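Subject: Structure for you to look at

Hello,

Here is the structure I promised to send over. Please open it alongside this note.

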Amino acid sequence: MSGAPSAALGPIVVTDVTGSSALDSERMFYRLSYADQMQARTYANSRWTANPLQMMTQRLKTRIGQAGAKLLSESDASLGVPILRVDVDDFVHDFS
């Protein structure tokens, strides 16, 4: 059984992922659901290699490019080109 051919992906603008200022650092956050699930804590000796917003932007652009879409910058986009914007609310480890 052969699947239907996938439609060619056209050009798209992927903006940088945005989020709270807490996500604009390399600190890793976690929550203890059994203690105070609203309190975000940071690991003492662990850090991301880059801030989560940068890593998510890079990964999103890579995967969309691998899927065959032509990635345009906001300045290169013409009228009618789809724009993908992602805003992250939370990025934590949650231990139950």
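Below is what I found, from the whole chain down to single residues. Keep in mind that this is a predicted model.

**The chain as a whole**

The secondary structure comes to one helix and eight strands. Along the sequence, the order is β-β-β-β-α-β-β-β-β. The chain has 96 residues, and 23% of them count as buried. Take the contacts between residues at least 6 apart in sequence: 72% of these join residues at least 24 apart. The exposed surface of the chain is about 7,000 Å². Carbon and sulfur atoms supply 52% of that surface.

**Helix H1**

H1 covers residues 52-66, which is 15 residues. From first C-alpha to last, H1 reaches 21 Å, close to the 21 Å expected at 1.5 Å a residue. Which residues of H1 are buried? They are Pro-52, Leu-53, Thr-57 and Ile-64. Viewed down the helix axis, these buried residues fall within an arc of 135°, so they line one face of H1. Gln-58, Arg-59 and Gln-66 sit on the other side and are exposed.

What covers the buried residues of H1? The cover includes five strands:

- E1 (12-14) and E2 (18-19)
- E5 (71-72)
- E6 (83-84) and E7 (87-88)

Just after H1, Gly-68 has a positive phi of about 105°.

**Ile-64, on the buried face**

Ile-64 belongs to H1. Its relative accessible area is 18%, and under 20% counts as buried. Leaving out residues up to four places away in sequence, Ile-64 touches Ile-12, Val-14, Ala-69, Leu-71 and Leu-84. Take Val-14 from that list. Ile-64 and Val-14 are 50 residues apart in sequence, yet their C-alpha atoms are 8.9 Å apart in space.

**Asn-51, at the N-terminal end of H1**

Asn-51 is in the loop between strand E4 (36-47) and H1. Asn-51 caps the N-terminal end of the helix. How does the cap look in atoms? A side-chain oxygen of Asn-51 lies 2.9 Å from the backbone nitrogen of Leu-53. Leu-53 is itself one of the buried residues of H1.

Asn-51 is buried too, with a relative accessible area of 5%. The side chain of Asn-51 also makes a polar contact with the side chain of Asp-24, at 3.1 Å. Neighbours within four places in sequence aside, Asn-51 is in contact with Leu-23, Asp-24, Ser-25 and Glu-26.

**The aromatic pair**

The count of aromatic pairs comes to one. The partners are Tyr-30 and Tyr-43. Is the pair stacked, edge-to-face or tilted? The ring centres are 4.7 Å apart and the planes stand at 40°, so the pair is tilted. The cut-offs behind that call are under 30 degrees for stacked and over 60 for edge-to-face.

Tyr-30 lies in strand E3 (residues 27-32) and Tyr-43 in strand E4, so the pair ties together parts that are 13 residues apart in sequence. At 17% relative accessibility, Tyr-30 counts as buried. Tyr-43, at 22%, counts as partly exposed.

**Where to look**

For the helix, start with the face lined by Pro-52, Leu-53, Thr-57 and Ile-64. Then turn to the Asn-51 cap. Finish with the rings of Tyr-30 and Tyr-43.

Best wishes

Key:
Residues numbered from 1 in each chain as written. Predicted model: local features only at pLDDT ≥ 70, side-chain atom pairs only at ≥ 80, totals over all residues. Heavy atoms only, no water. Helix = DSSP H or I, 4+ residues; strand = E, 2+ residues; numbered from the N terminus. Expected span 1.5 Å × (residues − 1). Buried < 20%, exposed > 50% of the residue type's maximum accessible area, 1.4 Å probe, protein only. Arc of directions from axis to C-beta. Contact = heavy atoms within 4.5 Å. Polar contact = N/O pair within 3.5 Å; in protein donor to acceptor, adjacent residues only side chain to side chain. Phe/Tyr/Trp six-rings, centres within 6.5 Å; stacked < 30°, edge-to-face > 60°. Areas by Shrake-Rupley, 256 points an atom, 1.4 Å probe, with all protein chains shown as cover.
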